[in-house]
Amino acid sequence: MSSPTRRTVHITRTEHAVPLPASLRDVAAMVGTVQSELAEAGRPYTDAELRVVDGDLLAYYDVPRAAAVTR
């Protein structure tokens, strides 16, 4: 019986956060920003996820390590 190959993968994640409670305008602006960034990369907006973490609404998606840009 052979064992599966183990690989170490480095993932970079882009996150945008809006502190809650937030206005619908702020949430829409954040979602629009994420959607634009993904469109520029030729990716569908469905690659992003939304979650509430520690009182913030996070929109995030994974990017290839070579494409990671820190602002």
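**Exercise 1. Classify the accessibility of Asp47 and describe its salt bridge.**

Step 1. Asp47 has a relative accessibility of 32% and counts as partly exposed. Buried means under 20% relative accessible area and exposed means over 50%, with partly exposed in between (1.4 Å probe, protein chains only).

Step 2. The side chain of Asp47 meets that of Arg43 in a salt bridge, at 2.9 Å from N to O. A salt bridge is a side-chain nitrogen of Lys or Arg within 4 Å of a carboxyl oxygen of Asp or Glu.

Step 3. Arg43 is also partly exposed, with a relative accessible area of 24%.

A note on the basis of these values: this is a predicted model, in which local features need pLDDT of at least 70 and side-chain atom pairs count only at pLDDT 80 or more, while totals for chains, interfaces and linings use all residues. Residues are numbered from 1 along each chain as its sequence is written, and side-chain values use heavy atoms, with hydrogens and water left out.

**Exercise 2. State how many salt bridges the rule gives, and describe those of Asp62 and Glu49.**

Step 1. The count comes to three salt bridges.

Step 2. Asp62 and Arg13 are joined through their side chains, at 3.2 Å from N to O. Asp62 lies in strand S3 and Arg13 in strand S1 (residues 12–19), so this pair ties together parts that are 49 residues apart in sequence. Helices (H or I, at least four residues) and strands (E, at least two) are DSSP runs, numbered from the N terminus.

Step 3. Asp62 is partly exposed at 32% relative accessible area, and Arg13 is partly exposed at 45%.

Step 4. Glu49 forms a salt bridge with Arg51, and their closest N and O atoms are 3.0 Å apart. Glu49 has a relative accessible area of 38% and is partly exposed; Arg51, at 44%, counts as partly exposed.

**Exercise 3. Determine the order of the strands in the sheet and how they pair.**

Step 1. Three strands form an open sheet in the order S1-S3-S2, with antiparallel pairing. Two strands pair if DSSP finds at least two bridges between them.

Step 2. S1 and S2 are the edge strands, each pairing on one side only. From one strand to the next, the twist averages 30 degrees.

Step 3. Helix H1 packs on the sheet and touches S1, S2 and S3, and its direction makes about 165 degrees with that of S1. Axes are lines fitted to C-alpha atoms, for helices over the stretch in contact, and angles run from 0 to 180 degrees between N-to-C directions.

Step 4. Eight bridges join S1 to S3; His16 has Ala59 in S3 as its bridge partner.

Step 5. Five bridges join S2 (residues 49–53) to S3. Glu49 is the bridge partner of Tyr60, Arg51 stands opposite Leu58, and Val52 stands opposite Leu57.

Step 6. S2 and S3 form a hairpin with two residues between them, and Asp54 in the turn has a positive phi of about 50 degrees.

**Exercise 4. List the residues of the largest nonpolar core and identify the elements that give two or more residues to this core.**

Step 1. The largest nonpolar core has nine residues: Val18, Val27, Met30, Val34, Leu38, Leu57, Ala59, Tyr61 and Val63. A nonpolar core is a set of buried Ala, Val, Leu, Ile, Met, Phe, Trp, Tyr and Cys residues joined through side-chain atoms within 4.5 Å.

Step 2. Helix H1 (24–40) and strand S3 (56–63) are the elements that give two or more residues to this core. S3 is mostly covered, as six of its eight residues are buried.

**Exercise 5. Trace the contacts of Leu38 and Tyr61.**

Step 1. Leu38 lies in helix H1 and is buried, with a relative accessible area of 1%.

Step 2. Leaving aside neighbours within four places in sequence, Leu38 is in contact with Arg43, Pro44, Tyr45, Asp47, Ala48 and Tyr61. Contact means heavy atoms within 4.5 Å.

Step 3. The C-alpha atoms of Leu38 and Tyr61 are separated by 8.8 Å, and the two residues are 23 residues apart along the chain.

Step 4. Residues up to four places away in sequence not being counted, Tyr61 touches Thr12, Arg13, Thr14, Val34, Glu37, Leu38, Arg43, Asp47 and Ala48.
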